[in-house]
Amino acid sequence: MDKHEIKRLIEAGLPGAVATVIGDDGQHFEAEVVCAAFAGKPPLAQHRMVYATLGERMGREIHALQLRTRAS
């Protein structure tokens, strides 16, 4: 798994989202995700939406993902 694939998965799973992903060790990543669909949702709900785009990859191919989310 690499940062480009994570970005692609997030943006495909959250139409209109813009994701910036960093991390070069293949397991630990940081992401900032801006998405209109986050409007009115608490941070925990926003994070769950992002995790849903990654599915079973979380905890397997992606060991850790630090998230910052906000509505656009």
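**Helix 1 and the sheet it packs on**

On the other side of helix 1 from its buried residues, His-4 and Ala-12 are exposed (over 50% relative accessible area; buried means under 20%, partly exposed in between, with a 1.4 Å probe and protein chains only). Helices (H or I, at least four residues) and strands (E, at least two) are DSSP runs, numbered from the N terminus. The model is predicted: local features need pLDDT of at least 70, side-chain atom pairs count only at pLDDT 80 or more, and totals for chains, interfaces and linings use all residues. Residues are numbered from 1 along each chain as its sequence is written, and side-chain values use heavy atoms, with hydrogens and water left out.

Ile-6, Leu-9 and Ile-10 are the buried residues of helix 1. Viewed down the helix axis, they fall within an arc of 95 degrees, so they line one face of helix 1. The arc is taken from the directions from the helix axis to the C-beta atoms. Their cover includes strand 1, strand 2 and helix 2, where contact means heavy atoms within 4.5 Å.

The sheet is open. Its three strands run in the order 1-2-3, with mixed pairing; two strands pair if DSSP finds at least two bridges between them. Strand 1 (18-22) and strand 3 (64-70) stand at the edges, each with a single partner strand, so one side of each lacks a neighbour in the sheet. Strand 2 (residues 28-34) pairs with strand 3 in the parallel sense, over seven bridges. Phe-29 stands opposite Leu-65 in strand 3.
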